[in-house]
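Biologist: I should like a close look at a single part of this chain, followed outward into its surroundings. Please set out the reasoning as you go.

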Amino acid sequence: MSSLTVYKDTTPEHPVLQTQDPAEMARVLAPLGVRFERWEGPQIPPRDADEQAVLDVYGPFLDKLMGETGAGSADVLRVSPSTPNREALRDKFLSEHTHSEDEIRFFVHGSGHFILHIAGYVYDVECTQTDLISVPEGTKHWFDAGPEPDMVTLRIFTHKEGWVARYTGTDIARQFPSYAN
C-alpha cells in the first residue's frame, strides 16, 4: 500500500506525519511541486510482458502525460533480485542527488521509496502498483527499493540522455531508514 511519512530532516526517529491515503498524499506533496496520482483503468500487463506490450497498455496515459510535461520518451525499467550488480545499483540510488529534469516514474509492478529532502523536511513516498510520481527538477532526493528489489516501472524522460544524477555529497540518506522487502 502506498504511504507518505514526513520527518524534520534533523529527527529521523520521529515522523511528523504518516498517511496511506492517496488523496492526502497528493495534497501534501502538491505544494512542493511533486505530482502523485494513481492511474486506474487499463488491465495491468503481466510482470514478464515485453517492453512494447507495457508501453502499449499505458500509451494513452503516457501520451497525455508527455503532452502536459513536454517529456519526449519513455521506457520500461525492471529491477529484480536477479538483476546483475543490484547492490551497486541500490547504492547509487541511495545517495542524495538531483536531476536537470523532472524524474517521472509509474509503478507497473512492485514498489519503491522516493525520499525527498525539501526545506528542512524529508518526505518518504512509498510508491506501489499504479502510482505515478513526478519529482521536480533540482529536488534533492534518493530512492530505495530494498535489498531484494522487485519492480517494473515506466520511466519518462525529457532529455535524450535520460537519467543523469548530480550527487550532493551529503550523507543524509544514511541517517534515515532504509527498506527491506
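Modeller: A residue is called buried when its relative accessible area is under 20%, exposed when that value is over 50%, and partly exposed in between. The model is a predicted one, and the part chosen here is helix 1, which spans residues 22-29.

Within helix 1, Met-25, Val-28 and Leu-29 are buried. Viewed down the axis of helix 1, these buried residues fall within an arc of 90 degrees, and therefore they line one face of the helix. The general geometry is as follows: an α-helix has 3.6 residues a turn, so residues three or four places apart point the same way. On the face of helix 1 turned away from the buried side are the exposed residues Ala-23 and Arg-27. The cover over the buried residues of helix 1 includes strand 1 (3-8), strand 2 (15-19) and strand 3 (35-38), together with strand 7 and strand 8. At the N-terminal end, helix 1 is capped by Asp-21, a side-chain oxygen of which lies 3.0 Å from the backbone nitrogen of Ala-23.

Two of the covering elements, strand 7 and strand 8, lead on to a loop. Strand 7 covers residues 111-118 and strand 8 covers residues 121-128, and Ala-119 is placed in the loop between them. Ala-119 is not a glycine, yet its phi is positive, at about 50 degrees. Because its relative accessible area is 73%, Ala-119 counts as exposed. Another residue other than glycine with a positive phi is Asn-85, where the angle is near 60 degrees. Asn-85 belongs to the loop between strand 4 (73-79) and helix 4 (86-93), and with 59% relative accessibility it is exposed.

From helix 4 one may turn to the aromatic side chains. The structure holds ten aromatic pairs. In one of them, Phe-93 and Phe-143 have ring centres 5.9 Å apart and planes at 80 degrees, so the pair is edge-to-face. This pair links distant parts of the chain, since Phe-93 is in helix 4 and Phe-143 is in strand 10 (residues 140-144), 50 residues apart. Both partners are buried: Phe-93 has 16% relative accessibility, and Phe-143 has a relative accessible area of 9%. Tyr-121 and Tyr-123 make a tilted aromatic pair, with 6.4 Å from centre to centre and 50 degrees between the planes. Of these two, Tyr-121 is partly exposed at 29% relative accessibility, whereas Tyr-123 is buried at 10%. One aromatic cluster is formed by Trp-39, Tyr-58, Phe-61 and Phe-106.

Two further buried residues deserve mention. Glu-101 sits in the loop between strand 5 (97-98) and strand 6 (103-109). Glu-101 is buried but has no salt bridge; Arg-105, the nearest side chain of opposite charge, is 7.6 Å away. A polar atom of the Glu-101 side chain does, however, lie 2.5 Å from the backbone nitrogen of Thr-158. The other residue, Ala-173, lies in helix 5 (residues 172-175) and is buried, with a relative accessible area of 10%. Leaving aside residues up to four places away in sequence, Ala-173 touches Leu-94, Glu-96 and Trp-142. Ala-173 and His-97 are 76 residues apart in sequence, while their C-alpha atoms are 9.9 Å apart in space.

Note on methods:
Residues are numbered from 1 along each chain as its sequence is written. This is a predicted model: local features need pLDDT of at least 70, side-chain atom pairs count only at pLDDT 80 or more; totals for chains, interfaces and linings use all residues. Side-chain values use heavy atoms; hydrogens and water are left out. Helices (H or I, at least four residues) and strands (E, at least two) are DSSP runs, numbered from the N terminus. Buried means under 20% relative accessible area, exposed over 50%, partly exposed in between (1.4 Å probe, protein chains only). Rings of Phe, Tyr and Trp (its six-membered ring) pair if their centres lie within 6.5 Å; planes under 30 degrees apart count as stacked, over 60 as edge-to-face and the rest as tilted. The arc is that of the directions from the helix axis to the C-beta atoms. Contact means heavy atoms within 4.5 Å. A polar contact is a pair of N or O atoms within 3.5 Å; within protein, one must be able to donate a hydrogen and the other to accept it, and residues adjacent in sequence count only if both atoms are side-chain atoms. Lys and Arg count as positive and Asp and Glu as negative; His and the chain ends are not counted. A salt bridge is a side-chain nitrogen of Lys or Arg within 4 Å of a carboxyl oxygen of Asp or Glu.
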